[in-house]
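Visitor: I've got a few minutes before my gel is done. Could you walk me through this one?

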Amino acid sequence: METFLFITTAIVAVGAALAMVLSSNAVHSALFLILNFCSVAILYFLLRAPFLGAVQVTVYAGAIMVLFLFVIMLLGAENAELGEEKIGWQKPAGLILGVALLAEIGYVAYRGTKLIDAPVADATNIGAPTTISAKLFSTYLLPFEVISILLLIAVVGTVVLTRRRVVAREERQS
Amino acid sequence: MNDLTFVTPEINWTVLGMPAFLMIWAMLVLIVDMFTSDRRVLITLSLIGLGVTAALGALDYGSTVSGFSDMLVFDKFGVLVNWILLAGTALTLLIAFDYMPRQNLNQGEFYPLVLFATSGMLFLVQATDLVTIFIGVETLSIALYVLTGFAVPQFKSGEAAIKYLLLGGFAAGFLVYGIALIYGMTGKTNLAQIATELSTWQSTGKALDDPILLAGVGFVLIALGFKVSMFPFHAWTPDVYEGAPTPVTAYMSVATKGAAFAAMLRFLNVAFPALKPEWQLLFGLFAAATMVYGNIVAVAQSNLKRMLAYSSIAHAGYMLLGVLAASEKGISAFTVYLLAYTLTNLGAFAVLIALENRGMPVFELKDLRGLGKRSPLLALAMTVFMFSLAGVPPTAGFASKFGIFRAAWDANLDYLAIIGVITSVVSAFFYLRVIVTMWMRDAEATEPQPTYATASLSLGVLVAVIGIVAVGIAPNIFTDLAKALVLTVAQ
Amino acid sequence: MISTNAYVLLSAILFTIGVVGVLVRRNVIIMFMSVELMLNSANLALIAFSRARAESDGQIMTFFVIAVAAAEVAVGLALLVSIFRAKKTTNIDDVNTLKG
């Protein structure tokens, strides 16, 4: 059962990712990406990370992707190509990197069982909200607090970037 | 039910002091900005904050403390690099002070955003865990994306910011994947613990050159290489530097580099001394390519901002030599180089800012013609900066380059030292061309271009010139300060 | 139980698709989504390793990555909105940015 679920979900995830990259319409891309995020969330549940699976669905597939869709539709930017100039090095570089990463993948597949796995019983509780929160607020307190600063910067930045420059305009006209 | 065992973490204020104070201060400036639009108040507050942060570092200077499950460390190296970053930030604010309103960029959020970016950098410099390195990199990056796009819709600011953000996100992807692979293979994210784990591998006969582990290390270095604009990952640099508001470009070109190099130094020397031959070889090639590429392409530039962008790529190559030498000498030479480069590059950008008209950037080389007659003091300062960038003797640029090359030579990286010297000679060509243009060519424009050497900008330029000459004449003062710090990093 | 290798393999495939997407596509929004795919695949690897080690550290790192990704998306989309809005009004601005 678990194997079946894994294989199906993995195929859906890879297929959705490919469709996302290949699609010419940004709205379709966004929807495929949501599909990918949801299937990855299922894998999180299989990996004993129920809390993060829920976060993945609500924050990633929910909030972030809805924001994406909202902006695409707001701007009418389904086919937006901002930078007109083509950068010549990018395509070959992309292909070389792709090949290198695929070689790495092949190696992992070839090496088979070498990555160690802990016994299942040990891993049952690692994803429980209590375990995560206990660690988050003790060992990882510092990064947790700094993340809040980071979010504050993002909020300030968003306001700065999108605020209409009324003052500047008036000044220019005078 | 599992019972919740919660251990209240110990807050170590010495370790946290510098970044935390600056973060809180930035919030304070943000709040003050709501009530007043007087930018003199904002810059004064910001400079006070930077000064107090620097003083906090001085309080416990010399001791080595680590805290927060060893995620952050307070040591001499960290404090010294932080001081350089704080000085760079203060200079940036001074040269930006009159520029921002002149270009219609009145928003007061500029000051807190710069402080936030700097606090992220201080955090990154002190980080000794992959988690804190990731968060430090992202904190400074997000603030910088906003600052790069600060001038939307003017210039090419928006396009530059979106390019920076996409490639920055790309680098972040590599960083996280690299961290995942390293965590997967060693089970640790703490730099010192990774080193311990690897030494147990060695003693049990497990091969260290595991491809997955190497890929993880490589991915993290790619991400940091993006931030310092190392050769194959430099492609964003000229466009972003050209499009961003000039003070932001100046700030990015020095501060981001310094912080990311410091993180790279800790990452390589603390966590992976066992893999030293591997990364020295690979990154030696990158460093050589960076020096050659940056200098040769800079020769072909007629746009000054782009020329300085390529020159900053070349200087990243020189700093990389100090990182690669991985010796006490190398780390101390890197710190001196960072100081010299910070002062010099900020100074050079300050001169560009003084010449930049409202909405009409003066960036072509030919716009400098006749500057020697129009405004001899500014031209004199620019001459000092160009000499220092080229590495001509009585300046800081010479002393620091000399230190870097000697450290590389002593670390058996002689081929890199030789390439460094040769490319320096090439670089002298385009730096001297600026000087020749300023002093020996007459302006062709009929109407004289105004210059904006305002009080704050002049102060910034003056500080930079004095610093460059001081470090150039008596480099020992700073090198001695930078000597003992090294042990805490290289262990 | 599915081995960690299988999960890491899957995450590597997704990561590669993301990398190629950023480098090959020229549509800004799709490039941006490819970056999100890269981060997401890294998260999958982290969680797989976290189970393999029977520790929650990898999951906590994932938590941070999601928060950072959200911040990055907010800033990126704000930038896009302001660029697009500026494009509509560029002409007026160009006239007004004459010297003086």
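Guide: Sure. One definition to begin with: two residues are in contact if their C-beta atoms, placed from the backbone, lie within 7 Å. And keep in mind that this is a predicted model.

Visitor: Using that cut-off, how many residues of chain B are in contact with chain A?
Guide: On the chain A side, 29 residues take part. Their partners in chain B number 36.

Visitor: Which helix supplies the largest share of that side of chain B?
Guide: Helices that each give at least two residues include α1 (13-35), α5 (110-126) and α9 (211-228) of chain B. By class, this side of chain B has 23 nonpolar, nine polar and four charged residues. The largest share is eight residues, and it comes from α6(B).

Visitor: What about chain C: which element gives the most to the side that touches chain A?
Guide: Here 64 residues of chain C are in contact with 77 residues of chain A. The elements giving two or more residues are α1 (4-24), α2 (28-53) and α3 (57-96) of chain C. Sorted by class, the chain C side divides into 44 nonpolar, 14 polar and six charged residues. With 22 residues, the top contributor is α3(C).

Visitor: How far apart are the end C-alpha atoms of residues 61-84 of chain C?
Guide: UniProt, in an unreviewed entry, places a "transmembrane region" at residues 6-24, 29-49 and 61-84 of chain C. Residues 6-24 of chain C are 100% helix, with end C-alpha atoms 27 Å apart. Residues 61-84 of chain C are 100% helix too, and their ends lie at 34 Å.

Visitor: Back to chain B. What is its radius of gyration?
Guide: Chain B has 21 helices and two strands, and its C-alpha trace spans about 80 × 55 × 40 Å along the principal axes. Because chain B has 491 residues, a compact globule would come out near 23 Å. The value for chain B agrees with that: 22 Å.

Visitor: Is B:Ile435 buried or partly exposed?
Guide: B:Ile435 sits in helix α18 (residues 414-440) of chain B, and beyond four places away in sequence it touches B:Thr383 and B:Met386. Buried takes 20 or more other C-beta atoms within 10 Å, and exposed takes 12 or fewer. B:Ile435 has 19, so the label is partly exposed.

Visitor: And how far is B:Ile435 from B:Asp210 in space?
Guide: In sequence, B:Ile435 and B:Asp210 are 225 residues apart. In space, C-alpha to C-alpha, the distance is 51 Å.

Notes. Residues numbered from 1 in each chain as written. Chains lettered and ligands numbered in written order. Predicted model: local features only at pLDDT ≥ 70, side-chain atom pairs only at ≥ 80, totals over all residues. Helix = DSSP H or I, 4+ residues; strand = E, 2+ residues; numbered from the N terminus. Nonpolar A, V, L, I, M, F, W, Y, C, P; charged D, E, K, R; others polar. UniProt positions renumbered as here; feature names shortened; annotations may be inferred. Rg over C-alpha atoms; globule rule 2.2 N^0.38 Å.
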